[in-house]
Every structure is written in C-alpha cells, then in structure tokens.
Amino acid sequence: MKNNKWLALIILITPLVVLSLSTLTFYFGYKPDSSSNNGELIYPHIETDGVRLKEISGEPFSFKKGKWYLIYFDNLESVSESEETYKLLFSLNTTLGREMNRVKRVVVLENKITTTEQKELINKYPSTFFLVDTDRILESKISENRPNPYVSRSIYLTDDFSNIMEEFKTDLEFKEIFEDLKTLL
C-alpha cells in the first residue's frame with residue numbers, strides 16, 4: 001500500500017516539474033543557436049500587405065491567407081534559365097503530394113512579355129501566377145535587407161499569413177528545398 005502512494009505521488013509531480021522547468025527556460029531566454037533549415041530564414045518577415053500586384057491579364061492579385069507561395073522574380077533575359085526554374089517550382093509543388101494544394105507558384109515579371117518565345121514559355125505553366133509588381137513595392141521591400149530579387153535569382157517562400165519568411169538561393173538543390181517545404185507544411 002505504501003509503494004502505491006509513492007508511485008501516485010511521482011506520477012502527479014512529474015508533469016508539474018517538467019512544466020515548471022520548461023517555463024523557466026523560456027523566461028530565461030534559452031533557445032537553440034541555429035536552425036536546421038537549408039534555406040535562409042528572413043527575420044524580420046517581409047509583409048506583403050500593401051503590395052500592388054497584377055496578373056499579366058491586368059486583373060489585381062492578392063496573396064490569400066492560409067496559402068503558401070513560392071515566389072520567383074524573373075526578368076526573362078534567358079528563357080532557358082527561366083524554364084529551368086519554372087520546372088523546379090512545378091516539381092516542388094507536384095512532389096508535395098496531398099499538400100500541393102496549400103502551395104501556389106508565383107512568378108513576378110520585371111518587364112512586359114515581348115517575344116513569342118516568352119509567351120510560349122508562360123503558356124506551358126498555366127497553374128502558375130505570372131504577375132507584375134506595378135509600383136515595384138514588393139521588390140523594394142525585399143531589397144531593403146537582401147539583394148535585389150531579380151539579380152539574386154532566389155526563390156522566396158511566404159507563410160500562410162502572406163509574409164515572406166525564407167529565401168532559397170540558387171546554390172540549393174531540389175532535395176534541400178523540398179526538405180524545408182515538407183518540414184514547414
């Protein structure tokens with residue numbers, strides 16, 4: 001009978017000890033020094049509120065809350081290089097399986113489409129949003145703390161609150177970007 005009382009006391013005290021120790025470590029500021037992301041986390045997040053984006057058809061575009069977006073800024077200088085990145089975005093989205101509906105692909109174009117080769121490229125990817133940053137507000141928001149997105153050729157990720165929160169630089173491979181996406185979703 002005595003052993004059962006001690007066992008019950010230990011069972012009751014253990015969660016209280018764990019909860020109080022975790023609370024203390026939180027209030028004393030203990031946290032890991034780094035993360036295991038392959039991409040580079042952007043802190044503070046870049047808000048997309050107030051950005052005036054339009055689809056190439058002229059309709060206004062806004063990021064929907066609850067959706068994640070892979071954003072690529074393209075100046076269409078090299079159509080073959082652009083196509084490789086579009087294929088990467090398509091592959092990332094397709095490989096996510098059930099989660100693919102939560103992630104949308106966005107390409108922000110620097111200039112208007114001028115050649116038939118550029119038009120054909122865009123027609124190959126109908127489920128990708130091709131946008132124009134009319135006042136270049138999104139570009140300037142990113143350029144405040146990071147390299148110009150048209151020059152860096154990076155892929156950016158927005159969270160489900162429409163904040164740009166991670167950058168995937170060009171030296172990352174498909175597998176590394178996919179691991180980050182799978183972890184976040």
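What percentage of the 185 residues in the protein chain do buried residues make up? Buried residues account for 36% of them. The model behind every panel is predicted.

**Figure 1. Overview of the protein chain, with six helices and eight strands.** Read along the sequence, the elements follow the pattern α-β-β-β-β-α-β-α-β-α-α-β-β-α. The radius of gyration is 22 Å, whereas the globule rule gives 16 Å for 185 residues. The radius is well over that value, so the chain is more spread out than a compact globule. The C-alpha trace spans about 85 × 35 × 30 Å along its principal axes. Among contacts with a separation of 6 or more, 68% join residues 24 or more positions apart. The chain exposes about 11800 Å². Carbon and sulfur atoms supply 56% of that area.

**Figure 2. Close-up of helix 2 and helix 3.** Two packed helices are described by the angle between their axes and the distance between the axes. Here helix 2 covers residues 79–95 and helix 3 covers residues 116–123. Their axes come within 11 Å. The crossing angle is roughly 5 degrees. Angles under 35 degrees count as roughly parallel, and helix 2 and helix 3 are therefore roughly parallel to each other. Helix 2 contributes Val79, Ser82, Glu83 and Tyr86 to the contact. Helix 3 contributes Glu117, Gln118 and Leu121. By class, the residues of this contact divide into three nonpolar, two polar and two charged.

**Figure 3. Close-up of threonine 116 in helix 3, shown with leucine 76 in the loop between strand 4 (68–74) and helix 2.** Is threonine 116 buried or exposed? At 58% relative accessibility, threonine 116 counts as exposed. The cut-off for exposed is over 50%. Leucine 76 has 6% relative accessibility and counts as buried. The backbone of leucine 76 has a positive phi of about 55 degrees, although this residue is not a glycine. Threonine 116 and leucine 76 are 40 residues apart in sequence. Their C-alpha atoms are 12 Å apart in space.

**Figure 4. Close-up of the cis peptide bond between tyrosine 43 and proline 44.** Omega is about 0 degrees at this bond. Proline 44 belongs to strand 1, which runs over residues 40–47.

**Figure 5. Close-up of serine 162, in the loop between strand 7 (155–158) and strand 8 (163–168).** What is the relative accessibility of serine 162? The value is 1%, so serine 162 counts as buried. Which residues does serine 162 touch, leaving aside those up to four places away in sequence? They are Ile46, Glu47, Thr48, Phe63, Lys64 and Lys65. Of these, Ile46 and Glu47 fall within the 40–47 range of strand 1.

**Figure 6. Close-up of proline 149 in helix 5.** Proline 149 has a relative accessible area of 0% and is buried. Leaving aside residues up to four places away in sequence, proline 149 touches Phe73, Glu139, Ile142, Ser143, Ser154 and Tyr156. How far apart are the C-alpha atoms of proline 149 and aspartate 180? They are separated by 20 Å. Along the chain, proline 149 and aspartate 180 are 31 residues apart.

**Figure 7. Close-up of serine 152 in helix 5, shown with arginine 153 in the loop between helix 5 (149–152) and strand 7.** Serine 152 has a relative accessible area of 18% and is buried. The cut-off for buried is under 20%. Serine 152 touches Pro147, Glu167 and Thr170, leaving aside residues up to four places away in sequence. Arginine 153 has 14% relative accessibility and counts as buried. What is the phi of arginine 153? It is positive, at about 60 degrees, although arginine 153 is not a glycine.

How values were computed: Residues are numbered from 1 along each chain as its sequence is written. This is a predicted model: local features need pLDDT of at least 70, side-chain atom pairs count only at pLDDT 80 or more; totals for chains, interfaces and linings use all residues. Side-chain values use heavy atoms; hydrogens and water are left out. Axes are lines fitted to C-alpha atoms, for helices over the stretch in contact, and angles run from 0 to 180 degrees between N-to-C directions. Helices (H or I, at least four residues) and strands (E, at least two) are DSSP runs, numbered from the N terminus. Angles under 35 degrees count as roughly parallel, over 145 as roughly antiparallel, 65 to 115 as roughly perpendicular and the rest as oblique. Contact means heavy atoms within 4.5 Å. Ala, Val, Leu, Ile, Met, Phe, Trp, Tyr, Cys and Pro count as nonpolar, Asp, Glu, Lys and Arg as charged, and the others, Gly among them, as polar. The radius of gyration is taken over C-alpha atoms; the globule rule is 2.2 Å times the number of residues to the power 0.38. Buried means under 20% relative accessible area, exposed over 50%, partly exposed in between (1.4 Å probe, protein chains only). Accessible areas come from the Shrake-Rupley method with a 1.4 Å probe; for residues, only the protein chains shown count as cover.
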